[in-house]
Amino acid sequence: MVQNLYLLYLAYLELKSNQIEFSENKDNREQNINYIKLYKKGFMMNVLNPKVTLFFIAFLPQFVSEKTENYMLSVITLGFIFMIQAIIIFTIVAFIAGKIRIVIQKPSFSKIISRGKIVFFVFLAFLLLMQSKN
C-alpha cells in the first residue's frame with residue numbers, strides 16, 4: 001500500500017512540475033564546430049579504449065588460421081575491416097543523434113515525456129494494487 005501511495009505521489013509531483021525546456025545556449029549556436037577536432041578526439045578515445053584492445057587480443061585471432069601463410073597480414077586485414085565498419089556505424093549513430101536532438105529540444109516532446117511518466121507511475125500503482133488483492 002505504501003508503494004502505491006509513493007507512486008501516486010511521484011505522478012502528482014510530475015504533474016505539478018514545470019516542463020523542462022531544452023534550449024541551446026546562444027553562444028553554442030554561434031560557435032563554429034571544428035569537426036576535424038571532434039573526429040580526432042573520438043578516434044583517440046576509441047584507440048585508447050581498453051575494450052578495443054581486449055577485442056583484438058582475445059577475439060579477433062580466433063578468425064585467422066595459424067596455418068595461414070601470412071598470419072599477421074590476416075590479423076591486420078581483419079583489424080582494418082573492423083575499423084571501417086566501426087567508422088560507418090559511429091557515423092550513422094552520430095547522424096541519428098543529431099536528428100533526434102532536434103526532436104528532443106521541442107517543448108512538445110517534454111510534455112509527452114512528462115505525461116508518459118505520469119501514466120507509467122499510475123499504471124504501476126494500479127498493478128501493485130491488483131497484485132496485492134490476489
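The protein chain contains 6 helices and 0 strands, and its elements, followed from the N terminus, run α-α-α-α-α-α. The model described here is predicted. Of the 134 residues of the chain, 11% count as buried. The accessible surface comes to about 11700 Å², and 69% of this surface belongs to carbon and sulfur atoms. Among the contacts between residues at least 6 apart in sequence, 68% join residues at least 24 apart.

A view of the interior may start from the largest nonpolar core. In soluble globular proteins, nonpolar side chains tend to be buried together. The largest nonpolar core of this model has 5 residues, namely Leu7, Ala11, Ile118, Phe121 and Ala125. Two elements, α1 (2–16) and α6 (107–133), each give two or more residues to this core. The largest share, 3 residues, comes from α6.

Leucine 7 offers a way into this core. This residue has its place in helix α1. Leucine 7 counts as buried because its relative accessibility is 12%, and the limit for a buried residue is under 20%. When residues up to four places away in sequence are not counted, leucine 7 touches Phe121, Leu124, Ala125 and Leu128. One of these partners, alanine 125, is 118 residues apart from leucine 7 along the chain, yet the C-alpha atoms of the two residues are separated by 5.8 Å.

The contacts may also be followed from the side of phenylalanine 121, another member of the core. Leaving aside its neighbours within four places in sequence, phenylalanine 121 is in contact with Leu7, Leu10 and Ala11.

Helix α1 also holds a residue of another kind, glutamate 14, which belongs to the charged class. Is glutamate 14 buried or exposed? Glutamate 14 is buried, because its relative accessible area is 15% and a residue counts as buried when that value is under 20%. Apart from neighbours within four places in sequence, the contacts of glutamate 14 are with Ser114, Lys117 and Ile118. Of these partners, Ile118 is also listed in the largest nonpolar core.

The account now turns to the empty space in the model. Rolling a probe the size of a water molecule over the atoms shows where such space is left. The largest pocket has a volume of about 530 Å³. Its lining consists of 18 residues, and those that lie nearest the centre of the pocket are Gly42, Phe43, Asn46, Ile87 and Phe90. Three elements give two or more residues to the lining: α3 (35–47), α4 (50–59) and α5 (71–104). Which of the elements gives the most to the lining of the largest pocket? That element is α5, with 8 residues. By residue class, the lining of the largest pocket divides into 14 nonpolar and 4 polar residues, with no charged residues.

Key: Residues numbered from 1 in each chain as written. Predicted model: local features only at pLDDT ≥ 70, side-chain atom pairs only at ≥ 80, totals over all residues. Heavy atoms only, no water. 1 Å grid on protein atoms, 1.4 Å probe; cavity = no way out; pocket = protein on both sides within 12 Å on 5 of 7 lines; lining within 4 Å. Points joined across faces, edges and corners; volume = space filled by probe spheres on them. Helix = DSSP H or I, 4+ residues; strand = E, 2+ residues; numbered from the N terminus. Core = buried A, V, L, I, M, F, W, Y, C linked by side-chain atoms within 4.5 Å. Buried < 20%, exposed > 50% of the residue type's maximum accessible area, 1.4 Å probe, protein only. Contact = heavy atoms within 4.5 Å. Areas by Shrake-Rupley, 256 points an atom, 1.4 Å probe, with all protein chains shown as cover.
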